[in-house]
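Open the model in your viewer and keep the selection panel at hand. This tour goes stop by stop, with a selection for each.

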Amino acid sequence: MKTAIRRALIGPVLLLLAALLATVTVATPGAHAAGGLDEAAAALRKGPVYVDPRASDRFSAGQADALAKKIKDSGKPVFVAVLPRTSDYQPATLLRDLRTKVGISGVYAVELGDGFNAGADPRVMPRTAVQNLVGAVERSRYPTVSARLNSFVDTAVTEARGHAPASWGGTGAGFDTGTAVGIGALIVIGGGGAYAIARRNRRRRAEEERAALEDLRIVVDEDITAFGEELDRLDFDPAAPGTDDPMRADYARALDAYEDAKSAMAAAEHPGDVQAVTEELEEGRFALATLAARRAGEPLPERRLPCFFDPRHGPSVTDAVWAPPGGAERTVPVCAADRSRLDDGREPLARTVRTPQGDRPYWEAGPAYAPWAGGYFGGGLLPGLLVGTTLGHLMAAGPAYGADLGDHQGAEGGDATGADFDPGDFGGGFGGGGDFGGGGDGGFGGDF
């Protein structure tokens, strides 16, 4: 009987041992003689840093080992490749091709010749965060590849979500068969504990998202109600004399936006889903502004962002210079009423939300309000508008639920996904040598 049990256990243990042996050897950067995309991908599956042998004069083995240790110690899925500008690497598609071949979700940074760029799976790091980080690194004009990559990694490992890939394994040191069997046995025993921890973390994250969504629901329901009241007050009869088809189309757009916003909020399951709701409300208010202009015989309004201080004020009419308390000045879109208040030296009528410290302007609230603001103002504009505010600081300091403006889908950082990912998150190309346009623009196509 004992022999039968022993035989039954040997098979799974040997399978685990084989998987362990396949992942435990860590590639030394620059160890491959041939180079090329396949070599780079194979190395990054085994360790966080790869240096093409033809680029070793720009980033030494010692520097690569130190950077790899820094990433491994952080436990985050950050991949770095230092490559020469040769025909082996196609600049326009390099990031997405590398991500495809590695097949693991994470943050990917590539030094190609004299160019630098990065991309990430959205659940690991939001696109705007990657853009801002790349821009900050490029504008610093670091004198060496090592300084640039270490600067990028120092911030990326604090912001990236997820875990180091299992395929990175251990240190690469040799071990005997007895040790290997022991490790395999520990994996068998510890697997249940690891699953329990992962399940507990998922449950905690889901609870945090539910709480954030309920906070957002209060704010969004108020916005929907306010827009519905605007529609109720509107003295417009589609069948009245003098009403034309463009007016009826504007009115229908506003009604559709109201109904779509209600439906989207009812179906929302994550904080990021709220962005679709406020996008509809913004669309509806612009339709009402267009209808009002047609009825008054005035020029149609240009498409502008909503009033920064309270999107319920409707589309902005101009831009104004404003600074939050203790913050730097920036230009924000404002409605006519808030423009007048600012000109008179008075405070604008700010949209407030509930916080543990009482009612505060939304830009002084937590990161869960980012999807709400993103629907009104667009995710790419938020960093500039919110610099120096609490919400802007929290978004810049690190991702939180909802702070990625709706990108809650996708694989957890460090998970093996193969080629199943959105290539648009790795779409930036590489331009002329050393053309650091800032934030992925200029020398990198700007299409991250």
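A residue counts as buried when its relative accessible area is under 20%, and as exposed when it is over 50%. Keep that cut-off in mind for the stops below. The model is predicted.

**Whole chain**

Start with everything in cartoon. The chain carries 13 helices and 8 strands. It has 448 residues, and 44% of them count as buried. Now think about contacts between residues at least 6 apart in sequence: 67% of these join residues at least 24 apart.

**Stop 1: P311**

Select P311. Its place is the loop between α9 and β5, the latter being residues 318–322. Is P311 buried or exposed? Its relative accessible area is 2%, which is under 20%, so P311 is buried.

Show what surrounds it. Not counting residues up to four places away in sequence, P311 touches R285, P306, W372, Y376 and F377. Then draw a distance from P311 to R351. These two are 40 residues apart along the chain, and their C-alpha atoms are separated by 7.9 Å.

**Stop 2: α9 against α11**

Select residues 274–296 for α9 and residues 370–377 for α11. The two helices pack at an angle of about 30 degrees, with their axes 7 Å apart. α9 passes α11 in a right-handed crossing. On the α9 side, the contact is made by V274, Q275, T278, E279, L281, E282 and R285. On the α11 side, show P371, W372, G374, G375 and Y376. Colour the contact by class: 5 residues are nonpolar, 4 polar and 3 charged.

Three residues here deserve a second look. R285 of α9 and W372 and Y376 of α11 take part in this contact, and P311 touches R285, W372 and Y376 as well.

**Stop 3: E282**

Stay on α9 and select E282. Its relative accessible area is 15%, so this glutamate counts as buried. What is E282 in contact with, leaving aside its neighbours within four places in sequence? Show R303, R304, P306, G375 and Y376. P306 and Y376 also appear among the residues that P311 touches.

**Stop 4: W363**

Select W363, in the loop between β8 (358–361) and α11. W363 is buried, with a relative accessible area of 4%. Draw a distance to F309. The C-alpha atoms of W363 and F309 are separated by 9.1 Å, with their positions 54 residues apart along the chain.

**Stop 5: α5**

Move to residues 127–139, which form α5. Check the length of this helix. At 1.5 Å a residue, its 13 residues should span 18 Å, and its end C-alpha atoms are 18 Å apart, which agrees.

Which residues of α5 are buried? Select T128, A129, V130, L133, V134, G135, V137 and E138. What covers them includes β4 (115–120) and α6.

**Stop 6: α5 against α6**

Add residues 145–159 for α6. The axes of α5 and α6 come within 10 Å and cross at roughly 150 degrees. Angles over 145 degrees count as roughly antiparallel, so α5 and α6 are roughly antiparallel to each other. Their crossing is right-handed. The contact is made by A129, L133, V134 and V137 of α5, together with R148, S151, F152, T155, A156 and E159 of α6. By class, that contact has 6 nonpolar, 2 polar and 2 charged residues. A129, L133, V134 and V137 are also among the buried residues of α5.

**Stop 7: R141**

Select R141, in the loop between α5 and α6. Its relative accessibility is 54%, so R141 counts as exposed. Look at the backbone here. Most residues other than glycine have a negative phi. R141 has a positive phi, near 50 degrees.

**Stop 8: α3 against α6**

Keep α6 and add α3, residues 61–74. The axes of α3 and α6 come within 10 Å and cross at roughly 5 degrees. That makes α3 roughly parallel to α6. From α3, show Q63, L67, K70, I71 and S74. From α6, show S146, L149, N150, V153, D154 and V157. The residues of this contact divide into 5 nonpolar, 4 polar and 2 charged.

Finish with α3, α5 and α6 on screen together. α6 is roughly antiparallel to α5 and roughly parallel to α3.

Terms used. Residues are numbered from 1 along each chain as its sequence is written. This is a predicted model: local features need pLDDT of at least 70, side-chain atom pairs count only at pLDDT 80 or more; totals for chains, interfaces and linings use all residues. Side-chain values use heavy atoms; hydrogens and water are left out. Axes are lines fitted to C-alpha atoms, for helices over the stretch in contact, and angles run from 0 to 180 degrees between N-to-C directions. Helices (H or I, at least four residues) and strands (E, at least two) are DSSP runs, numbered from the N terminus. Angles under 35 degrees count as roughly parallel, over 145 as roughly antiparallel, 65 to 115 as roughly perpendicular and the rest as oblique. A crossing is left-handed if the near helix is turned anticlockwise from the far one by less than a right angle, and right-handed if clockwise. Contact means heavy atoms within 4.5 Å. Ala, Val, Leu, Ile, Met, Phe, Trp, Tyr, Cys and Pro count as nonpolar, Asp, Glu, Lys and Arg as charged, and the others, Gly among them, as polar. The expected span of a helix is 1.5 Å times one less than its number of residues. Buried means under 20% relative accessible area, exposed over 50%, partly exposed in between (1.4 Å probe, protein chains only).
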